[in-house]
Amino acid sequence: MPDARKGEVVTRFPPEPNGYLHIGHAKAAVIDYEYARMYDGIFILRFDDTNPVNEKKEFYDAQKEDLKWLGIEWDKEYRTSDNLPKHYELAKELLERGCAYICTCSEEEIRKNRRLGKECACRNRKEQPWDEFFKMKEGEAVLRLKGDMKSQNTAMRDPILFRIIDHPHPIHGTRFRVWPTYDFYGAIEDSLSGITHPFRTKEYELRDEVYFYILDCLDLRKPHLMEFSRLSIKGMPVSKRKLKPLVEKKLVWGWDDPRLPTLRGLARRGILAEAIKEFVLLQGISKSESVVVFENLEAVNRKLLDGMAKRLFFVPEPVKVIVENAPEREAVLKYHPSINMGERKVETKGMFYIPASDASKFEKGSKFRLKDLYNVVVLEKNDVIKGEYAGDELLQIPKIQWVTEEHYEMEVVIPLLPFKNGEFDENSLKITKGYVEKNIDEIKHGEIVQFERFGFVRIEKDGKTRGIKAHD
RNA sequence: GCUCCCGUGGUGUAGCCCGGCCAAUCAUUUCGGCCUUUCGAGCCGAAGACUCGGGUUCAAAUCCCGACGGGAGCACCA
């Protein structure tokens with residue numbers, strides 16, 4: 001990172017408390033956090049809550065929870081809204097220095113003049129009384145930066161710095177009604193709070209000029225702004241515009257639906273915080289826009305999960321198998337093939353269930369092995385498979401998972417990509433019914449296990465037991 | 001439309017600022033093999049890329065120009 005010295009780096013993550021955090025936020029937060037750590041610096045959490053219409057009280061805490069879940073810790077935390085008096089002070093100074101003006105043009109006029117590159121009369125008015133601004137009604141006036149109405153960069157055509165919003169703020173109530181815009185507070189806060197390396201996503205690039213111009217006008221320190229591209233996952237948009245309707249129309253379970261890229265959704269699905277971090281860091285801070293496929297996240301997650309998930313037998317779409325001459329045995333099954341996580345015991349007689357997908361491949365004479373038990377040869381195959389015990393010797397035959405009559409019925413939901421060709425896919429949540437061994441009782445709510453040859457599944461136990469498949 | 005940004009294998013990325021050590025890094029993916037009482041993990045191997053066209057140079061993925069492609073901005077939202 002340019003101009004970065006150990007111990008002198010300060011970064012920040014500035015979410016607006018208007019919703020739950022998603023993987024896009026995670027990218028920003030992780031990058032901010034990791035860079036601060038890398039340089040033994042300071043990482044600040046700043047709530048950019050300057051639009052009272054958007055902010056909701058619950059999200060301040062919700063976002064903090066999401067960050068904690070991610071394993072991110074911050075050294076300082078504050079709200080931009082708390083600094084409004086300072087912002088007013090600086091705005092007044094801007095006015096006095098002739099760098100800003102109060103504009104009473106209508107929204108449409110402002111837009112039109114911007115397009116035309118034309119200055120309005122307000123801009124050159126002699127008196128620019130800051131106090132008068134506070135007496136105006138919402139929509140009547142705004143504070144604008146005296147930029148350059150002819151600039152190639154339209155962001156520089158006198159951007160709005162403050163506007164009046166008569167709406168109670170979740171923290172401050174009706175204490176303020178004049179609120180700064182992103183252009184203003186973004187620059188001011190970064191500078192004042194000592195941020196050395198603020199990161200932001202590429203769509204703000206055109207606003208860099210405004211950012212530095214404002215700081216110049218006020219003789220404030222200029223941080224080293226950096227941009228990176230937004231993270232987008234194919235078939236999994238993060239924008240509130242696309243997600244909110246799904247939640248509102250109840251097309252998904254809620255903001256924590258396992259199909260969604262919200263941190264809560266991903267967590268519920270069984271994606272580990274550590275996987276998200278690694279995945280995000282893998283993308284780096286390049287400016288080239290990329291569409292990542294979800295499989296990349298899965299791959300990272302799978303490797304982490306492999307070393308910590310207990311193995312269990314789950315039989316989707318069970319088919320009954322009756323084994324003749326079956327020895328009655330107690331099978332001892334390890335919870336993990338290579339790490340000692342204990343074992344469980346299963347009493348077996350002559351009746352089993354195996355997955356239909358395996359059963360369909362067998363015909364009379366086929367041999368298979370009930371994994372960790374013994375071999376079976378197929379004698380007859382109808383709706384039920386009749387077979388016979390065929391020895392204990394380990395052979396090169398399919399080893400398949402099984403349950404006995406002692407089992408639970410269980411549903412596993414399989415989340416797919418929520419969007420297909422830009423449209424919500426109604427069939428994005430599949431449900432597989434099957435039988436699971438009773439040892440599922442040993443698994444805690446929220447634990448992630450591997451159902452062998454089925455996939456990694458997060459177990460939920462609220463009322464009934466159900467599984468949510470993370471991925472294969 | 002105008003302005004800005006971006007363009008390395010199927011996907012993501014390193015390298016580009018400071019041209020040569022790049023017959024291009026790492027991961028994922030796919031395919032083989034090994035290992036394994038899971039179609040998981042691990043190990044080994046293979047496949048696969050500098051958008052195109054000019055220019056500068058002894059030498060270009062790297063610098064310059066142009067084209068094409070993608071994205072963003074043109075909000076009193078961030």
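Leaving out neighbours within four places in sequence, aspartate 257 is in contact with Val252 and Gly265. That's a good place to start exploring this structure, which is a predicted model. Aspartate 257 sits in the loop that runs between helix H8 (240–248) and helix H9 (263–269). Its side chain reaches back to the backbone nitrogen of tryptophan 253, 2.8 Å away.

Is aspartate 257 buried or exposed? Its relative accessibility is 0%, so aspartate 257 counts as buried. It has a charged partner, too: arginine 259 forms a salt bridge with aspartate 257, and the closest N and O atoms are 2.8 Å apart. Arginine 259 is buried as well, because its relative accessible area is 2%.

**Salt bridges**

Let's stay with charged pairs for a moment. A search of the whole structure turns up 46 salt bridges. Here are a few of them.

| Pair | Closest N to O distance |
|---|---|
| Arginine 259 and aspartate 257 | 2.8 Å |
| Glutamate 298 and arginine 302 | 3.8 Å |
| Aspartate 425 and lysine 420 | 3.9 Å |

Why are glutamate 298 and arginine 302 separated by about one helical turn? They are 4 residues apart in helix H11, so about one helical turn lies between them. The general rule is that an α-helix has 3.6 residues a turn, so residues three or four places apart point the same way. Glutamate 298 counts as buried because its relative accessibility is 13%, while arginine 302, at 29%, counts as partly exposed.

In the last pair of the table, aspartate 425 has a relative accessible area of 13% and so is buried. Lysine 420 is exposed, at 54% relative accessibility.

Some charged residues join up in a bigger group: Asp256, Arg268, Arg458, Glu460 and Arg466 are linked in a network of salt bridges.

**The nonpolar cores**

Now for the greasy side of things. The largest nonpolar core has 47 residues, and Ile23, Ile72 and Ile276 are the ones with the most contacts inside it. Several elements each supply at least two residues of this core, including helix H1 (23–38), strand E2 (42–47), helix H2 (57–70) and helix H10 (273–283). Which element gives the most to this core? That's H1, with 9 residues.

Take isoleucine 23 as an example. Not counting residues up to four places away in sequence, isoleucine 23 touches a long list of residues, among them Leu231, Ile233, Pro261, Leu266, Ile276, Phe279 and Leu297. There is also a second, separate core of 29 residues, which includes Cys99, Ala141, Leu145 and Ile188.

H10 is worth a look of its own. Its residues Ala273, Ala275, Ile276, Lys277, Phe279 and Val280 are buried. The buried residues of H10 pack against H1, H2, E10, H9, E11 and H11. Just after H10 comes glycine 284, with a positive phi of about 70 degrees.

**Where the RNA sits**

The protein has company: RNA strand B, with 50 residues around it. Which of these come nearest to the strand? They are Glu107, Arg163, Lys303, Lys371 and Arg453. Of the atoms of RNA strand B that come within 4 Å of the protein, 68% belong to sugar and phosphate.

The residues of the surface near RNA strand B divide into 14 nonpolar, 13 polar and 23 charged. Helix H4 (107–116), strand E6 (160–164) and helix H6 (182–192) are among the elements that each supply at least two residues of this surface. The largest share, 5 residues, comes from H11.

Zooming in on single atoms, a polar side-chain atom of arginine 114 is 3.3 Å from a phosphate oxygen of RNA strand B. Other side chains meet the bases. An N or O atom in the side chain of glutamate 289 is 2.7 Å from a base nitrogen of the strand, and aspartate 358 has a polar side-chain atom 3.1 Å from a base nitrogen of RNA strand B.

**Two unusual backbones**

Most residues other than glycine have a negative phi. Glutamate 317, though, has a positive phi near 40 degrees. Glutamate 317 is in the loop between strand E13 (314–316) and strand E14 (318–324), and it counts as exposed because its relative accessibility is 54%.

Aspartate 372 also has a positive phi, near 65 degrees. Its loop lies between strand E18 (367–370) and strand E19 (375–381). With a relative accessible area of 40%, aspartate 372 is partly exposed.

How values were computed:
Residues are numbered from 1 along each chain as its sequence is written. Chains are lettered from A and ligands numbered from 1 in the order in which they are written. This is a predicted model: local features need pLDDT of at least 70, side-chain atom pairs count only at pLDDT 80 or more; totals for chains, interfaces and linings use all residues. Side-chain values use heavy atoms; hydrogens and water are left out. Buried means under 20% relative accessible area, exposed over 50%, partly exposed in between (1.4 Å probe, protein chains only). A polar contact is a pair of N or O atoms within 3.5 Å; within protein, one must be able to donate a hydrogen and the other to accept it, and residues adjacent in sequence count only if both atoms are side-chain atoms. Contact means heavy atoms within 4.5 Å. A nonpolar core is a set of buried Ala, Val, Leu, Ile, Met, Phe, Trp, Tyr and Cys residues joined through side-chain atoms within 4.5 Å. A residue is near a molecule or strand if one of its heavy atoms lies within 4 Å of it. Ala, Val, Leu, Ile, Met, Phe, Trp, Tyr, Cys and Pro count as nonpolar, Asp, Glu, Lys and Arg as charged, and the others, Gly among them, as polar. A salt bridge is a side-chain nitrogen of Lys or Arg within 4 Å of a carboxyl oxygen of Asp or Glu.
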